[in-house]
Each structure stands twice: as C-alpha cells, then as structure tokens.
There are 2 protein chains.
Amino acid sequence: MKPSEGRRRVVIEAVTPSVNAGRYAAKRVVGDVVKVQCAAFADGHDHVSARVLYKPAKDKKWRSEPLRSLPNDLWEGEFTVDKMGSWVFTVEAWIDHFDTWVHDLDKRLGAQVDSPQDIPLALRIGANHLEAAAKRAKGKDAAKLKLTAEQLIALAESNLPFYENPIKPDVLALAAQYPDLAYATTFEPQLPLWVDRERARFSAWYELFPRSCSPIEGRHGTLKDVVERLPEIARMGFDIVYMPPIHPIGVQYRKGKNNSVTAEEGDVGSPWAVGGKEGGHTAILPELGTLDDFADLVSAAQMNGLEVALDIAFQCAPDHPWVKEHPDWFIIRPDGTIQYAENPPKKYQDIYPLNFESKDWKGLWDALYGVFKFWVDRGVKVFRVDNPHTKALPFWEWCIAEVLAKNPDVIFLAEAFTRPHVMYSLAKGGYTQGYTYFTWRNTKADLEAYFTEICNEPVRDFFRPNVWPNTPDILHEQLQTGSPAMFKLRATLAATLSANWGIYGPAYELCEGRPAKPSPGKTSSEEYLDSEKYQLRSWDRSNPISIAPYIRKLNEIRRAHESLQRNENLVFHTSPNEQIIAYSKRSATGDVILTIVNLDHQHEQSAWLDLNMEALGLPWSGAFTVEDLLTGTQYDWNNQWNFVALKPETAVAHVFRIRG
Amino acid sequence: MKPSEGRRRVVIEAVTPSVNAGRYAAKRVVGDVVKVQCAAFADGHDHVSARVLYKPAKDKKWRSEPLRSLPNDLWEGEFTVDKMGSWVFTVEAWIDHFDTWVHDLDKRLGAQVDSPQDIPLALRIGANHLEAAAKRAKGKDAAKLKLTAEQLIALAESNLPFYENPIKPDVLALAAQYPDLAYATTFEPQLPLWVDRERARFSAWYELFPRSCSPIEGRHGTLKDVVERLPEIARMGFDIVYMPPIHPIGVQYRKGKNNSVTAEEGDVGSPWAVGGKEGGHTAILPELGTLDDFADLVSAAQMNGLEVALDIAFQCAPDHPWVKEHPDWFIIRPDGTIQYAENPPKKYQDIYPLNFESKDWKGLWDALYGVFKFWVDRGVKVFRVDNPHTKALPFWEWCIAEVLAKNPDVIFLAEAFTRPHVMYSLAKGGYTQGYTYFTWRNTKADLEAYFTEICNEPVRDFFRPNVWPNTPDILHEQLQTGSPAMFKLRATLAATLSANWGIYGPAYELCEGRPAKPSPGKTSSEEYLDSEKYQLRSWDRSNPISIAPYIRKLNEIRRAHESLQRNENLVFHTSPNEQIIAYSKRSATGDVILTIVNLDHQHEQSAWLDLNMEALGLPWSGAFTVEDLLTGTQYDWNNQWNFVALKPETAVAHVFRIRG
C-alpha cells in the first residue's frame, strides 16, 4: 500500500538519546543541554536539512533547534530542558532545494562552462525558491526574501556576466528559517525524556538509624534525637539524611541481636520487619515518635539544607494490619497459612512477601502507591526503596509514573543488588537512582571497567549510579581492616567517581570494621557485628579516629566543582602502577578535577602518570598548575608525564584542581 | 494508567534478529535456521521460561520453539523458515512456577533443615501445579501429570522420609509442554523477517552486452546471439546472465564512442539512455530482437540452468514516450524545457531524471512498478537496478514489496555505489542484494575491515553483498595492469569472500585492462577504453590469455562447498605478511574451506600462518590434511602454524578443503 505522502524523500534513523527504541524515557535534569544525534539522508545529491522538535509532553506546540550536518550523513544538535517532567522529542528532516540550488550555482560559477542561457535560467529557478520562502515568511523577512528574488530576476534579465554568487550568507540563513516542510519526514516514534530536578544527578546521602541517635546509651533514640543530629550531618556536607523504615516492627518471629532466630526480652527487632499492632507502612513506631514529630523533623531538615529520605520496604511482618485485612495480597499455602519469605533452604519467618500475582493486584498496587502518597503528602520527596527487584517490574513502572505525574520532584533510589538486566530494568522503569556494584569493585581494572560501563551510553541515559562504600548490610572485607586509610580511599573513590554517593554512618566515619563473622573464611560475612539492624547502638562520634573532617572536605569539593556533579564526563588516565588509579572530570564551563587514588591502604605507591591532556582541556605541552584541594598544596607540571607518590598515613589521594 | 494485566512479571528485551527495532525485515532464505536471542527476566528468584513464536505473516496460527537459558538472563533458540515470503516472530516468556518448585525442592532435600510439616506442604504445592498442568494437557499426557500429582499427595500423606526428588526429568519436561501462560509476556513489536529463495544468498552473475555477442565483427549482436553464448556461460559455472538495458536507445544528445559528446553516424549510443520512438522500458531495441526472441532467450537460459537478469534504469532519454505522455513526471524549468541530468558543472543532456516530487507521484510509482510487472510476467525473476540511490527511497520500499507480494521469488540487486547509510537503506527497504565497495578494497587491512563489517551483525541481517571485481563502469587501477594474475586473484577474493559475486565479461576473463585515460594521473579514469557502453565490441574468447577455465574452477568449488554459499561464517586468520590474506568459511555440517590469497600479482609471497583452529573445527594440535581444490595438491599439517608460499605465475591462491 502506498504511503499517504510519497514525496517525503528523507529517511531518518538512529535518533539518540533513545532507551530501548523509545520504549523508556532517557533521563536528564532541569537545565541540561540534551545532545541529539541521528542519521538523515535522501536519494541523490540534493541537500538535506534537519532540526530537532521537542516539547514538554503536555504542551501542544513544538519547539525546534537546527541540527548540524556531520560527515557520513550524521547530524547533531542540542536543546535545553527547562522544567521537570515528561518531555518528548523527534527529528524532522527535508530536502532543502534552495540550499542545493545555492551550492550548485557556486559550482556553475566556478566552472563557467554553462551555455549562455543556462545561468539566467538557473537564476529564475532560484528566484522561484525565494518567492516561495517569502510566502512562508512574514514582515521584514518576507520583504527581504522577495526583494532578493526580484534582484535575481533582474540579474537574469540583464544578461550581464557575474562571478560571485548573488546569494549572501545572510539571505541563505534567512531562507533557512522558512523551510519548505511540505514533504518533510518526521522520525517515529517520538522519543520520551524524563527531566528530574538537579538533586537526581548530584547528591550526597547520609544513612543513620534514628533509634541509635539517643545521646544516652541504652535509651531508644527518637525522631527528636535525629533533629539534634542534623546540623552535624549538614556540616559534613550531605544533602539527604536517610533513615531505615520508621514503622512499627513485628513481634512474631522477631529476630534477636546479631540476627539470632529468637529475640530476647527487650530486643528491638529489624526495622525491615514492617508492621505491628500499631500499624503498617503509614504508621510510625511509637518509640520513635509521632507524625507531628516527623513533621518537625522534615522542617528541621529543610532549615539545615537537608532532605529526609524514607526507606520503603514492601514486605510485611506477620503482625502487619494487611495480613488480616488483605490475606489475598499474600501467597496462601495449602494448609491455609501464609507463605513466609524463603530462599530454600533459608527461611525468613518474620517476613511475608507480597504476592504480585494476587487476584486483587489492582488493590495491592493502589495500596502500595498509597504508601508513597501518604509520605509525599507529609513532605517526603526522597525514597530509598528496599529490594525493589523482588517486586514486579511492571508495578514499579506504573507506581513511579503515578507518583511523578503529580510530584515530578520525587526521587526514587533503588536498593537492588542483583543481576545487571534487572538493575537496569528498574532504572528504565523509572527509578531515579540505583545502588551499584561499587562495593565489590576494588581493583583498578574492575573500577575502570565498571565505571566505563555505567558512565557511557547506553547505560548513562537511564541508570544513575548512587555509590556507597558501606551499607548496614554490606561491610566489605576491605573495610573489615578498620583502617582509616581504607575508609578514606573508598570514600574518595565514591565521592569523585560518582556524582551521587552515600555512606551509612556513624559506622563509616568511625571506621567500624568488625564483621559478624571473621573474614576471610568459609563462614565469612559482610554483616556488621552487633548490627544496628537488630539492636540499638551508641556511637562515640568524638573518637579521634573519626574521618568526618575528611568526608566534609570531600563534600565541600564536590559542591564547589560542577565537574564532579555529573558522570558522563569521566575519563580514566594511564598509570603503570596497578595501585594508582587516576581519572578526571571536566565541565562544559572548563572546571576540571583530576583525582588520583592509592588503592593500597598500607604502602606508599608511586607512578609516572600519562595524562590524557585533551580530556583535561590542556595543550599537549606547556606549563599548568595542579592544586590539591584536600591539602592546598600546588605543583607546577609541564606535560602529560607527571610523577605522583601517595603515602597512606598522610594522603590516600590527590584531588587536583587544574589550572591551565 | 494500570496495564490491562499487571501480573505479567517477565520483561523481554533486545530480541534479535531485529533491523531498526523491527521497522524493517531481517533477511533469510528458505531452509535457514533463524537464531533468536533476547534477554528475559523477572523480579525475584522465580524461574523464567521462554519460547519463540513464529509464523508466515499471513498464517493465523503461531508455531513455537523453546528458548534455552544462557548466563546473565540471556536466552537463545532457533526455528526454521520453510517457505518464501513475509514471516513474523516474537518471544513469549513467563514465570515457570512448577520449574521453580522442583528446583526449590531439590534445595530443601539437599539441606534437610525443614521442620516436619514443611516437606508435606511443599509436596501439596507441587501437586497443585501438576494438577493445573494436567488440566491444560490432554490424553496420556494429562493422565501422567495427574498421576504424578496423586503420587505427590500420597507421599505427603505417608509422612515417610525421602531424599530424592520425586519429580523425574521426564515429568519436568512433560509439564514444560503445558506451561501456564495466563500471565505470560509477549515481546512487542512482532519482528518481521523476509524469506527469499536460496539464489538470493548464493549466486554467480555474468554480465554481457548482447549487442557485442555477434559472431561477426561489426554486426550488431542480437538476443539470438546471446542464446548461442549461454552454454559457454553455464559451463563457466554462472547462475545468472545479466544484460544492460535492452530497450530502445535515445537519439537526441546520443553519446558517441568513448563517451564523446556528439555521436557519429552509426554510433549505437548508451543502453542506459532508455527510450526512443520504438518505445520505453517495456520495449526491446529492434536491433536486438523481439519480445518473442526474448521469450526464447528466457527458455534457453532455463535449459542451461541459467536465469536472465534485466537491468532496470529508471531514467529517460529525451525520446522516451513518457516525456511527451507525462511531462509532469519530470522537472520543468522556468522556460518550459525539461531538466536534464546534471551534477554541476557536469551535464548529461541525453538523460532526463524522473521527478519523485511530481504531483502525480502515484501515477509515476504505478508506471515504474508496471515495468517490473511487465518483465516478471515475461519470466524475469532477477533485476539489477541501475543507480537506485538516485530514486526516492520510500518508492523502492513500496515497489519492491508490491512485486514480492505476488512473486516472492524475485531478486533485486541494487547497483548503488554511494554513502554507506544510503546503500544500507536500500537494502533495508527491500533490495535482495547490493553492490559493494569491494572494487576499491585492495589491501589486506581494507578487505578484512570491510568484510568484517558486512558479514557481521547488524549489517548481515539486511545487506547481502554482491561482489564484482569489475563492471562496465569500473575498471579499477589494479586491473589496468592487464595482468592475468591480478584478474585471477581479484576473482578468487570475490568468489570466496562473498557468496554472491559477478563479473562483467568477456572483458574480465580476457583480462581487458586498457583504460579510457591512462592511470595514475590527474585525469585517471576507471572507464574502459572503447567501452561497450558506447560501441559494439568483438571479443576473441579463444585468446589463450583467457582465465575462463580458472573462473569455471572457482564456480565449481563454490557449488560443491556449502560453506562458500553464505557469509556469516567468514573468519579471518592471522598472517604476518601484509600481502598474504587468509580466511575460512565453515558450514553447520562441517564443510570447511580455507582460502589464502597472494595480493601481490608480481612477486612470490610467503608467510607462516597462525590459524584459528577453533574456527576451522579442528583441535589445537593433531594432524589434518589440506587439499588445494584449484590444483588437487594435498599437504599434511599438524597445528596452527603453517607455511605457505604463492608464486603469481603458477598460483595466486590456495583454496583449501580441510579434512580433520
């Protein structure tokens, strides 16, 4: 069957950014310049012109920016997204007969082989193009195009010889503003973008257990105690203070200290065993305080320049109200009991997973959405979601879209440590940020390979890494050394490789390294000894081992240097020493940070770096200055070959600001 | 908005083969095994199962084949396409609860840590799954599944301890045949395939000018003369005999010998200046014969195991009937004249291009389609299309689909030598085969890079190279040596690198190398001196310089060895000598051809090859025999390191058959 219009001669292909051919939105933040690329071409030798069309999804009117032609039928251009929410864009391209004509006339004049009547005829053809353009234009533009057309006719009629193209660049540019789009091709499908606020791209998170915030050892901490901690967290330079679930905790099958199967009298249980007689996901554990206390916390955080992030764990303790109200939201076993979580032969009888194959899946989805809505209505704009990879992926795509439709400023962090396809699918389905494999990427080769993957296309268009050196669940073997140098170097890597990072404190700044089971060994464990997941802890933050001042410095540097506030600009530099990793980030405005980390926390390591000068925005020779922002020390360097030596006792890293 | 069914937990991505995300069809031929790959995964730890669904596009009923699980959530499988035409396929995947249950039971039994009631409960759950499967099955299968369910219940009720999984592989496989597809996910969009006949993938073409086929020098050759030539062409092992346009030739602005601007009395003109008072694209030049003669030629070709290919050049001489009948199909200049072809400052006044932006584009499209239909109705199933890249791409997509809808056995070869995107777009739009850059790929590095690109994904899924060492338009500088060794080595490369190849003869086998202008130099030319494009030629095929016997040998080898009849199996081997190129092809049935070519036509070259034994289907050590199919000589080799020496006077190449 013929197309409705067969005269659309241009073909457009490979438009980017595009996630799964437009099935999912590429992610950007407000103010980002979106770089668009594509191939566009037609039969024959006629010139093609192209532009990007873009708009907020709800707008009726398209905006446009011209695309520039690159070799080999490729095109590029850019547009700026200036508000949050859903955007769409596509590419439109067409045969530009006037542009073709102007360049053909150049060739005719250059060769001067035409017969006498050819040039006047060519001028009349050009005049026709200009008259048509004048009809598409208005006002002064129309007049100028019409005048030029008349001049061409006059020139044609004069029969005078001429050697310069009568069409000057200003007329060419003016005509290009009024293209003949009658047979323009528009790329299908329209490609979606999701535009977040800036915090989605650049953030520093601090996780703490409210119940351990009491200044009095042994007393259950409260939300009011958390308020007291906020100034200190803000001083360390964090943006987001994130708390494990604050809901009532189940009593049945409650876990005891150090994850023992039976709790003792007074054991506080795991906050992730959500729900008790006091309520479920929209209630607050009475020991922590009230909804009013929570409102006070949200306000106090704002006053301190912080945001509160809640941990949403969609699973239920056997005491959760939903178990009685909606037993059909769980899996019922043949004996009528509800299926607890298990990964045979392991059982987690304190947890009932939700059944995403429930007949009442719609009711379940609405209830889960309702949890987010409840807290969003109470001022929470940041959620860390526990184990999202054990809940149905289509649910997340719907639920996150539903929340964002009304509140596009909400941020969702996926706490998924699972297979790459599932992690990436959560991101494609809407998660703003995602946890990463960083904790287990410890060698230079592994770090370079992993960050190259996640900071480049196609991954960077949908997956925003949030990099944590520790979590309450993961005390990596490297940190079990308890060595402050190791804690500093892993924090430096996290804070400078990734624009989003976080720590679980005060365990981190106090260099807590005691594992539940010694490592390495068959029974090695990444669990903390006396983990806060199962008991109250009291932290001596005045302990001189604290690396809080170092962390504060890292966050200060990140805030002062926009190059560290994004990831797509990451470039690794060559160092012959496997213990010395070097990388830089450079912003569009020329801010450049070169970070060099000694991965060996015990020994001095040195190397002659071979810098990629182009990536640093420097000429291949010529003096430049590097200033270590951690210490203030400056060095004068002259070319790409530079010697560095890092002694763990005094400096685990250089974070150099580069001045050409 | 919620999806209509939220319980489809599996996500399917990256299904291949896929051309532009399903916008175009991937190409295969009848009997091909189509290998399908994708990613399919779900939340949590439940097992996923997947299958490919496929069918001829017009069929209602889907066929299916199971996919096999690979690491990292990837899947693969295959199906066979058993008839020509449009096919579609997609992937369906679902949570396999029974498979999950069986493997969980393994783990339970292995650990034996469950409490006494857990195992009987697990057995009842398994029995439920089996009963549901029994309901989806019929007859004996249903009975067996039901019986197994009852056995599980009995085992549960017996309370006897057991240590082996009661589900044997046969029951697991049987249950897998009756999956619960209630919440299965189907990948969208359905992906199109186009299935050609085998000749689309494997063919040898012989181009000749009928008017030069007269046995009497100076007399205009005829279609009857071509009939006389067929046995010889068939003996050389070609499948397709292809003739430049056979239509009436324009008189106005006719080109003379050697492309001179004015023709002399008796000059025959260029066959590509289509159309005269005797008719246009559906007429035959009277000097060549009649439609009856043409019918005889088609029959005679069939008798000789050959097919006739016509050259369709959609452009008109000023004398073409369409110029008067449909002036609106051309571009009219302001003075009322029709625009001739030009690429300023060059003019081709003997040619009027068609205007694909004509108001009557529908009429034009119909007329062009009518040309193909006319010749298809007269038994032509192979078309070489001249300069398709100067006609609108959307036209080709429509026109080829229109022809193939009724005659799926038609083959279209695109004679496009232009930018890669345009060449590939013609292929995506339906061209069965395409000319290539082979002629200008002369060094080992260039040959390896180019054939690696076109023989691998994504290109190989839509673009089928047809490789020509010469054409009437292209006498490459290398061939201007006139050296038989050069003609042999280029033929060997073409015939063994690509499953589709062709030559323009008898110029090729007679090693015609005289250019229109000497090369190299500013005025160098790839045009032949005394080109048949503008005059009659008489060829002395008995000249002993003829390499016809060598070409016959090459084609014999190609027919006898199915590994040479496809391209996706091409593998290059390492040789330290830049003049020695080595590559192999291996078929699914184990036929292996290793070709080694000396790219230097003047000097002996030798090298120690480093063979990729795995690609040859051989163990890394152990004796094997290579037999040169060109000479019959055999060598016994023992490992990947092997010495070869090729002297151009005696042998330009080895075409080794490998026997392990």
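Helices and strands here are DSSP runs, numbered from the N terminus. With that in hand, let us walk through this predicted model, starting at a small detail in chain A. A:Asn20 sits in the loop between β1 (11–16) and β2 (26–29) of chain A. Its backbone deserves a look, since phi of A:Asn20 is near 50°, a positive value in a residue that is not glycine. Most residues other than glycine have a negative phi, and most peptide bonds are trans.

That second point leads us to two peptide bonds, one in each chain. In chain A, the bond joining A:Pro344 and A:Pro345 is cis, and its omega is about 5°. A:Pro345 belongs to the loop between β15 (341–343) and β16 (346–348) of chain A. In chain B, a cis peptide bond runs from B:Gly505 to B:Pro506, with omega near -10°. You will find B:Pro506 in the loop between β22 (500–504) and α13 (548–560) of chain B.

Now step back to see how the two chains meet. On one side 70 residues of chain B are in contact, and on the other 69 residues of chain A. The size of an interface is often given as the accessible area lost when the parts come together. For chain B and chain A that buried area is about 5800 Å², with 56% of it on carbon and sulfur atoms. Within chain B, the residues that lose the most area to chain A are B:Lys2, B:Glu357 and B:His421, which together account for 13% of what that side buries.

Charge also plays a part in the picture. Side chains of opposite charge can pair when their charged atoms come close. Across the interface of chain B and chain A there are 13 salt bridges by the rule used. B:Glu357 appears again here, in a salt bridge with A:Arg9 whose closest N and O atoms are 2.9 Å apart. The interface also has 20 residue pairs in polar contact, both residues being at pLDDT 80 or more. Several elements of chain B give two or more residues to the side that touches chain A, among them β1 (11–16), β3 (33–41), α1 (97–111), α2 (118–136) and α10 (420–428). Sorted by class, this side of chain B has 28 nonpolar, 16 polar and 26 charged residues.

Over all chains, the structure holds 101 salt bridges. One of them lies within chain A, where A:Glu415 pairs with A:Arg384 and the closest N and O atoms are 3.5 Å apart. This pair links distant parts of the chain: A:Glu415 is in strand β19 (residues 411–415) and A:Arg384 in strand β18 (residues 382–386) of chain A, 31 residues apart.

Our last stop is a sheet further along chain A. Six strands form an open, antiparallel sheet in the order β23-β24-β25-β30-β27-β28. β23 (571–573) and β28 (634–639) of chain A stand at the edges with a single partner strand each, so one side of each has no neighbour in the sheet. From one strand to the next, the twist averages 30°. Inside the sheet, seven bridges join β24 (residues 580–586) to β25 (residues 592–598) of chain A, and the two run antiparallel. To place one such bridge, find A:Ser584, whose partner in β25(A) is A:Leu594.

Two helices of chain A lie across this sheet's strands. Helix α11 (residues 444–454) lies across β23 and β24 of chain A, running at about 155° to β23(A). Helix α12 (residues 484–497) lies across β23, β24, β25 and β30 (653–659) of chain A, at about 30° to β24(A).

Key:
Residues numbered from 1 in each chain as written. Chains lettered and ligands numbered in written order. Heavy atoms only, no water. Contact = heavy atoms within 4.5 Å. Buried area = accessible area lost by both parts, 1.4 Å probe. Salt bridge = Lys/Arg side-chain N within 4 Å of Asp/Glu carboxyl O. Polar contact = N/O pair within 3.5 Å; in protein donor to acceptor, adjacent residues only side chain to side chain. Helix = DSSP H or I, 4+ residues; strand = E, 2+ residues; numbered from the N terminus. Nonpolar A, V, L, I, M, F, W, Y, C, P; charged D, E, K, R; others polar. Pairing = 2+ DSSP bridges. Axes fitted to C-alpha atoms, helices over the stretch in contact; angles between N-to-C directions.
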